[in-house]
Structure formats: structure tokens, C-alpha cells
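Please open the structure in your viewer and keep the sequence beside it. This tour suggests what to select at each stop and describes what you will find there.

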Amino acid sequence: MKCDIKVKKILSCGHTLEKKCYEQFNCIEICDKLNSNCLFRHLCKKPCGVNCGLCTYPIPIIMKCGHISELSCSQEPNTVECLECKEGNQIPPMSTAKKL
Ligand SMILES: [Zn+2]
Ligand SMILES: [Zn+2]
Ligand SMILES: [Zn+2]
Ligand SMILES: [Zn+2]
């Protein structure tokens, strides 16, 4: 029989976790720390324990074409393709029109 006693442990990240004592204590919380790689000090929404890395906070921007696109905080706006334009280019307008 496995030990059934629950233990509370404060992890190195500062989160507290309650688990059975034989289970692994991997933090399952959201990081929620200020991302030191982000100029705008967004909160990191990656799982705790994962390297914060580049900020992935979604920011809406207006593209050159006029569409509004969302990009990650760390992305350069001019390296991002407009998703709406991209989709529009892939589907020729005639193929979606119903034949009368
Ligand atoms: Zn944690
Ligand atoms: Zn950011
Ligand atoms: Zn993080
Ligand atoms: Zn566009």
C-alpha cells in the first residue's frame, strides 16, 4: 500500500503544492511573474517551471493593409504576416462563390 498522507510543500518558485508524499512535486501553477525579457513588464502566462523566455503576451496591431492582427509582444510587427490577407490569398474568391 502506498502512503496516503498529504503533504504541503513550498516549492523553490514560491508556490505551495499539496500532494501525497510519494507523488512528484512539479509545479502546475501559471508563472504569473513579470517577464524580465519584456520591455512592457507583462506577466508571464507560461506554466511555472518553464523558462519565461520571450514574452508571448498578445498585442493587437493595425497592419499596413488595415486589418487588425494579434502578435506576440516579442515579435517584430514587420515580420508578421496578416492572417486575414494570407487566408484571402489562399482561397480564390471564385471558388467560394455558389454557382447559380
Ligand atoms: Zn510554481
Ligand atoms: Zn510583453
Ligand atoms: Zn514565466
Ligand atoms: Zn490584411
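The stops below begin with the whole chain and then turn to a hairpin and to three single residues.

**The whole chain.** Begin by selecting everything, and keep in mind that this is a predicted model. The chain has two helices and four strands, and if you follow the sequence from its start you meet them in the pattern β-β-β-β-α-α. If you colour by pLDDT, the average for the chain is 84, and 87% of the residues score at least 70. Among the elements, strand E1, residues 6-10, has the highest mean pLDDT, at 91, whereas helix H2, residues 93-96, has the lowest, at 56. Of the 100 residues, 3% count as buried, and among the contacts between residues at least 6 apart in sequence, 6% join residues at least 24 apart.

**The hairpin.** Next, select residues 58-62, which are strand E3, together with residues 68-72, which are strand E4; the two run antiparallel and are joined by five bridges. Which residue of E4 stands opposite Ile62? Show both side chains and you will see that the partner is Ile68. Five residues lie between the two strands of this hairpin, and in the turn you can pick out Gly66, whose phi is positive, at about 100°.

**Ser74.** Now move on to Ser74, which sits in the loop between E4 and helix H1. Is Ser74 buried, exposed or partly exposed? Ser74 counts as partly exposed because 16 C-beta neighbours lie inside 10 Å, a number that falls between the limit of 12 or fewer for exposed residues and that of 20 or more for buried ones. Leaving aside residues up to four places away in sequence, Ser74 touches Leu54, Cys55 and Thr56. Although Cys55 is 19 residues away along the chain, the C-alpha atoms of Ser74 and Cys55 are separated by 5.4 Å.

**Asp32 and Arg41.** Finally, select Asp32, which is found in the loop between strand E2, residues 16-20, and E3, and then Arg41, which is found in the loop between E2 and E3. What is the sign of phi in Asp32? Phi of Asp32 is positive, near 55°, and phi of Arg41 is likewise a positive value near 55°. These angles deserve a second look because most residues other than glycine have a negative phi. Asp32 counts as exposed because it has 11 C-beta neighbours inside 10 Å, and Arg41 is exposed too, with 10 other C-beta atoms within 10 Å.

How values were computed: Residues numbered from 1 in each chain as written. Chains lettered and ligands numbered in written order. Predicted model: local features only at pLDDT ≥ 70, side-chain atom pairs only at ≥ 80, totals over all residues. Pairing = 2+ DSSP bridges. pLDDT = per-residue confidence, 0-100. Contact = placed C-beta atoms within 7 Å.
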